Each structure stands twice: as structure tokens, then as C-alpha cells.
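Let's take a friendly walk through a protein structure, one region at a time. Keep the 3D view open and look for each residue as it comes up.

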Amino acid sequence: MSIWASLGDLELVVEEMRTERRSVDVSSQFTRVTTTVVFAGTGAEGRGEDVTYNAEDHDWFPDVPATGSTTLGAFSASLEDVRLFDGEPKMGASAQYRRWALESAALDLALRQNDLSLGAALGRDYAPVRFVVSTRGDAFAWLAAAPDLELKLDPENEWERPFMERVAATGRVRVLDLKAYYVGTAVDVEPDPELYRNVVELFPDVVIEDASLDGECGEVLRGEERRLSFDAPIHSVADVQALSVEPGWMNIKPSRFGSVARVLECIDHCDANAIQMYGGGQFELGVGRRHIQVLASLFYAGGPNDVAPSEYNSGGPRAGLPQSPLPPPAAVGF
């Protein structure tokens, strides 16, 4: 039986909806905005977080009507007919991000109305969550503050080999994200065979995420398939199956999938095909961070999960931050 089959029949009552906006000034050029969707019914509330990146896309939200008594599966199906944005969002991926906010809020509410945790609903035990710290800043400063941290880094073409040798010598890097599938963003990295060769040679045990498989870069990666992982191009099982390689890893970011069913279908597929998993996030400011930690705790707790507590996003390297692993959750709901 699929994982989703354990959830789709959960009873659900949505009586009203509201939204709560959050924002954090990340820099003088960027303010991170997210919106929490709150569904209420029968005295309970469920929350989900919309991680759409463009602030102006948070100015309008759909009004999802009350459902009466229904099921989580039927509610999810009804969202296919909901207009998610007033016009076209600035980024195409935002449609999945908003759908995930609605779906995760409904899942949270259904679990609470049935007095269940997600683990109990699925018959699975929670486990302590190993996490890595993803940074584009000074990795050495983070390790100076907390030497036991594990890291996820984004190599850039400006990284020279001696610098990469120093980074590799720390022994603390678990994932290198080459970001070959981002276009028109501040984090784009043009695929460079020299950078790829240095990654393969200097970091022989590290997971290599979102590498280009084309041309000379693809040649460099030949034989490294079990180290490869994908994130940005993956929105469904069909996307996994369409890859030209059989990867050893997958970064599961639920907001990229849109629906709870598609996330769980991908987890099922990875389990069945010996693809190891780890979780990832989208700079959540609220409950969405807990949701990715809960999924990690249930399905891939031992992976190099990019689900560090939000405190890591609110300041530079410093002592006293929560350390890996995170304790397993115990509360009702998502």
C-alpha cells in the first residue's frame, strides 16, 4: 500500500481560512517574505507555509471555501480547481509552493481533528534528525564556532583548487550543490569542467547535487552516479524517471511537489529503487521548517538533511545554536 493511501481517507472539516504574513530583512537588497495559511474547523487549526520567493506574490491569496465534512484526499483533489494567484506569479515554481501551503495546512488540520501525529497516522516511528548547515558564507568560521557541524556548500567557479583543498581537509562537508539547474537567479553557477574535476577528486565521499550531465561536465561525472543527487529539476516521480542517470541520492523538498500525494509518491519510489534521500528547505520562516524536519524524521533521518533550525538563518557563526541531531517530534499534527 502506498504511503498516501494511509492519509487520503482522513476525515477533514474546513470551516474558515486566514493567512498570516511573515518577513525578515536578509540584506539591503532582499526581504524574505512567507505566508502561513491557517485552516480552522471543529475547534482545531492547521498551518502550512507558502515559501514563494517574490514578495509581491504574497499580496493576494485565494479564498478556499469551507468544505463541510470531507476527506483529506477529496480536499486535495478540489484544489486542482482553485485559482492560486491573481494573474501569473513571477516564478513558475510558485504554483507548487502555494499548493504545498494549502495541502500541508489541510494535512495538519486533518491530523489534529483526528488526534493523530503524522507518524501515528502512517504507523511509523520518529527518529532523531541529522542535519547539515547550508551556507554560502565562511565555512571555516562556522566550524570554528561549532567544530562538529556538517556542511552543505555551493562551490563557485571562482573557487581555486588550493582553497578547495583547505575546505576538503576539514572533513566536514557532506553535500556540494553545483546549482546547474538555476536560471536567472542570484545563485546560478555556469557548469565548469574544471570545477567539476576538483569536486570529484578532492571530495571523494561527498554527495554531488544538481550537477550538469551535459558535455565535458557529464564526462567528468562518469562513474560517479551513485554520488549524484537532484533537487531543482524534481517535482514528481516522472521527473526522477526522466533523468538520464540512475542517481544514488535525492533531495526531497516538499514545496517543489505541490501536493502531499506527490511528495509521498516520490518517497515511495526512492525507497523501492534504493535511492537514498535527505530533506531540503526553502528558507522557511515559520511552520514550514518544522514540516520538513518531521518528514525527515519519518523517512530519511540519517541523511545529510538540509533542515537546520531557523536560528541558523538569523545570524552568523556563533556558539550556542542547536546541534545535530534534532530530537524527534512528539506532538499531534504535522
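**Spaces, strands and salt bridges**

Glu49, Val51, Trp100, Pro254, Ser255, Glu284, Gly288 and Ile292 line the largest cavity. Two elements, helix H9 (254–257) and helix H11 (287–299), give two or more residues each to that lining. Please keep in mind as you look that this is a predicted model. The space inside the largest cavity comes to about 60 Å³. Sorted by class, its lining has 4 nonpolar, 2 polar and 2 charged residues.

How many cavities of 30 Å³ or more does the structure hold? There are 2 of them, and the second largest has a volume of about 50 Å³. Around the second largest cavity you will find Leu7, Trp100, Leu107, Leu118, Leu122, Val260, Val263, Leu264, Leu295 and Phe334. By class, this lining has 10 nonpolar residues, with no polar and no charged ones. At least two lining residues each come from helix H2 (94–113), helix H3 (118–122) and helix H10 (260–272). The largest share, 3 residues, is supplied by H10. Try finding Trp100 in your view: it appears in the lining of the largest cavity and again in the lining of the second largest cavity.

Now for the pockets. The largest pocket holds about 1400 Å³ of space. Its lining is made of 42 residues, and those nearest the centre are Tyr53, Arg136, Lys179, Val187 and Phe283. Which strand gives the largest share of this lining? That is strand E6 (residues 133–135), with 3 residues. By class, the lining of the largest pocket has 20 nonpolar, 10 polar and 12 charged residues.

The second largest pocket has a volume of about 170 Å³. Arg226, Val240, Gln241, Leu243, Val245, Glu246, Pro247, His269, Asn273 and Ile275 form its lining. In terms of class, that lining has 5 nonpolar, 3 polar and 2 charged residues.

Strand E6, which we met at the largest pocket, also belongs to a sheet. Strands of a sheet pair through backbone hydrogen bonds, and the pairing can be parallel or antiparallel. Here, 5 strands form an open sheet with parallel pairing, in the order E6-E7-E8-E9-E10. Which strands sit at the edges? They are E6 and strand E10 (228–229), each of which pairs on one side only. Within the sheet, strand E8 (residues 173–177) and strand E9 (residues 207–209) run parallel and are joined by 3 bridges. To see one bridge pair, look for Asp177, whose bridge partner in E9 is Glu209.

Charged side chains come next. The structure holds 27 salt bridges. One of them joins Arg136 and Asp154, with 2.8 Å from N to O. Arg136 sits in the loop between E6 and helix H4 (139–145), while Asp154 sits in the loop between strand E7 (151–153) and helix H5 (161–169), so this pair ties together parts that are 18 residues apart in sequence. Are these two buried or exposed? Arg136 counts as partly exposed because its relative accessibility is 41%, whereas Asp154, at 8%, counts as buried. The pair is also part of a wider network of salt bridges, linking Arg136, Lys152, Asp154, Glu156, Asp177, Lys179, Glu209 and Asp306. Asp177 and Glu209 are the bridge partners from the sheet, and Arg136 and Lys179 are among the residues nearest the centre of the largest pocket.

Another salt bridge links Glu103 to Arg99, and their closest N and O atoms are 2.9 Å apart. Both residues lie in helix H2, 4 residues apart, which is about one turn of the helix. Glu103 and Arg99 are both buried. Glu224 and Arg227 also meet in a salt bridge, at 2.8 Å from N to O, and both of these residues are buried too.

Let's finish back at helix H11, where Gln293 lies. Gln293 counts as buried because its relative accessibility is 18%, and the cut-off for buried is under 20%. Leaving aside residues up to four places away in sequence, Gln293 touches Val129, Val307, Ala308, Pro309 and Leu326.

Notes:
Residues numbered from 1 in each chain as written. Predicted model: local features only at pLDDT ≥ 70, side-chain atom pairs only at ≥ 80, totals over all residues. Heavy atoms only, no water. 1 Å grid on protein atoms, 1.4 Å probe; cavity = no way out; pocket = protein on both sides within 12 Å on 5 of 7 lines; lining within 4 Å. Points joined across faces, edges and corners; volume = space filled by probe spheres on them. Nonpolar A, V, L, I, M, F, W, Y, C, P; charged D, E, K, R; others polar. Buried < 20%, exposed > 50% of the residue type's maximum accessible area, 1.4 Å probe, protein only. Contact = heavy atoms within 4.5 Å. Pairing = 2+ DSSP bridges. Salt bridge = Lys/Arg side-chain N within 4 Å of Asp/Glu carboxyl O.
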